[in-house]
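Trainee: I've got a new structure open and I'd like to learn how to read it. Could we go through it together, one feature at a time?

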Amino acid sequence: MPELEIVRPAGLLDYAEGLALQRDLHADVVAGRSPGALVLCEHPSVYTAGRRTERSDLPTNGAPVVEVDRGGRITWHGPGQLVAYPIVRLAVPIDVVAWVRDLEQVIVDAAASVGVHAERVDGRSGAWVRGADGTPPAKVGAIGLHVAEGVTTHGIAINCDNALDAYAAIVPCGIADAGVTTLSVAAGRPVTVDDLADTVVDRIRAAEHGMRTGHRIGSAAHSTTTARTTTARVTTADTTSPSTAPARQETLV
């Protein structure tokens, strides 16, 4: 099968333009005009709210918020954070949770490539870094997805060398009792988006290939926690797919 097309816009990608780009790529994959694409980008500073966002999560500083169709709650994107949107058709039978596990592994592997040990935390999604002094784990990578007609949009965000002050105005991902960090903080040296980009491309390609061949990169050891860590909401019945999977799902991490 042809490899995913890599799309990496120059400079900061306006968030609204990024949504439009995803919609266009999604339509191409659904129609069979594209085997799939991977968008790598950085956004200007922006808060985005998934469908499960609660009023108590919203910015305390009055900053605007963009409502999006992914699952989950509120998060922040901005310069110094690598955002990757894999626009891919999920293998049949569709297993959104397994794809989430694969994307978590992408973040874990990307962190390892710059010398940072990231891991999953039971009951929570994304990838986390434990404090050297015994402090609770802090989130370094988040996942938010939307699946329509069997094809994904949205994806992962990995904090590289971004500032963290924007997170202070919100409850990131609706988690009030844990913090956020960056790979630069965890590594004790600068880690940039460029340092991580090639590894993320390689690992997402491996995840997509593994999904199709039955050799998923996500750890099977975590399959028993998926009911606690990830939710998938069916909103539209599928009447055209040969599988019984829903046409439209959404999940947050």
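Mentor: Sure, let's start with one residue and work outward. Thr48 is found in strand β3. Keep in mind that this is a predicted model.

Trainee: Okay. Is Thr48 buried or exposed?

Mentor: Thr48 counts as buried, because its relative accessibility is 0% and the cut-off for buried is under 20%.

Trainee: And what is Thr48 in contact with, leaving aside its neighbours within four places in sequence?

Mentor: Quite a list: Tyr15, Val65, Val66, Val68, Arg70, Arg73, Ile74, Thr75 and His77. Pick out Thr75 from those, since Thr48 stands opposite Thr75 in β5. The two are 27 residues apart in sequence, yet their C-alpha atoms are 5.6 Å apart in space.

Trainee: So how do I read the pairing of two strands?

Mentor: The general idea is that strands of a sheet pair through backbone hydrogen bonds, either parallel or antiparallel. Here, β3 (residues 46-49) and β5 pair in the antiparallel sense over 4 bridges. Another facing pair is Tyr47 and Trp76, with Trp76 in β5.

Trainee: In what order do the strands of that sheet come?

Mentor: The order is β4-β3-β5, an open sheet of 3 strands with mixed pairing. β4 (65-67) and β5 are at the edges with a single partner strand each, so each has one side without a neighbour in the sheet. From one strand to the next, the twist averages 30°.

Trainee: What about the faces of a strand?

Mentor: In a regular strand the side chains alternate between the two faces of the sheet. For β5 (residues 74-77), Ile74 and Trp76 are on one side, Thr75 and His77 are on the other, and all of them are buried. Both faces of β5 are therefore covered, as buried means under 20% relative accessible area.

Trainee: Let's move to another strand. How many of the residues of β9 are buried?

Mentor: 9 of its 9 residues are buried. As for partners, β9 pairs with β6 in the antiparallel sense over 4 bridges, and Gln81 stands opposite Asn159 in β9. β8 and β9 also pair in the antiparallel sense, over 8 bridges, and there Ala148 stands opposite Val151 in β9.

Trainee: What should I look for in the hairpin of β8 and β9?

Mentor: Look at the link, which has 2 residues between the strands. Glu149 takes a positive phi there, near 55°. Glu149 also turns up among the contacts of a histidine, His26.

Trainee: Where does His26 lie?

Mentor: His26 lies in helix α1 (residues 15-30). At 13% relative accessibility, His26 counts as buried. Not counting residues up to four places away in sequence, His26 touches Ile87, Ala148, Glu149, Val151, Thr152 and Thr153.

Trainee: Now, how do I find a core?

Mentor: In soluble globular proteins, nonpolar side chains tend to be buried together. In this model the largest nonpolar core has 41 residues, and Ile156, Leu183, Leu196 and Val200 have the most contacts inside it. Two or more residues each come from β2 (37-41), β6 (81-87), α2 (96-113), β7 (127-129), β8 (138-148), β9 (151-159) and α4 (193-213).

Trainee: Which element gives the largest share of this core?

Mentor: That's α2, with 9 residues. For a closer look, take Ile156, which touches Leu82, Val83, Ala84, Leu103, Val106, Ile107, Ala142, Ile143, Val200 and Ile204, not counting residues up to four places away in sequence. There is also a second, separate core of 16 residues, which includes Tyr15, Leu19, Val39 and Val83.

Trainee: And the cysteines?

Mentor: The count of disulfides comes to 0. Cys41 is buried, with a relative accessible area of 4%, and Cys160 counts as buried at 0%.

Trainee: Can we zoom out to finish?

Mentor: The protein has 5 helices and 12 strands. Buried residues make up 53% of its 253 residues. Of the contacts with a separation of 6 or more, 69% come from residues 24 or more positions apart. The accessible surface comes to about 11100 Å², and 51% of that belongs to carbon and sulfur atoms.

Note on methods:
Residues numbered from 1 in each chain as written. Predicted model: local features only at pLDDT ≥ 70, side-chain atom pairs only at ≥ 80, totals over all residues. Heavy atoms only, no water. Core = buried A, V, L, I, M, F, W, Y, C linked by side-chain atoms within 4.5 Å. Buried < 20%, exposed > 50% of the residue type's maximum accessible area, 1.4 Å probe, protein only. Contact = heavy atoms within 4.5 Å. Pairing = 2+ DSSP bridges. Areas by Shrake-Rupley, 256 points an atom, 1.4 Å probe, with all protein chains shown as cover. Axes fitted to C-alpha atoms, helices over the stretch in contact; angles between N-to-C directions. Disulfide = S-S within 2.5 Å.
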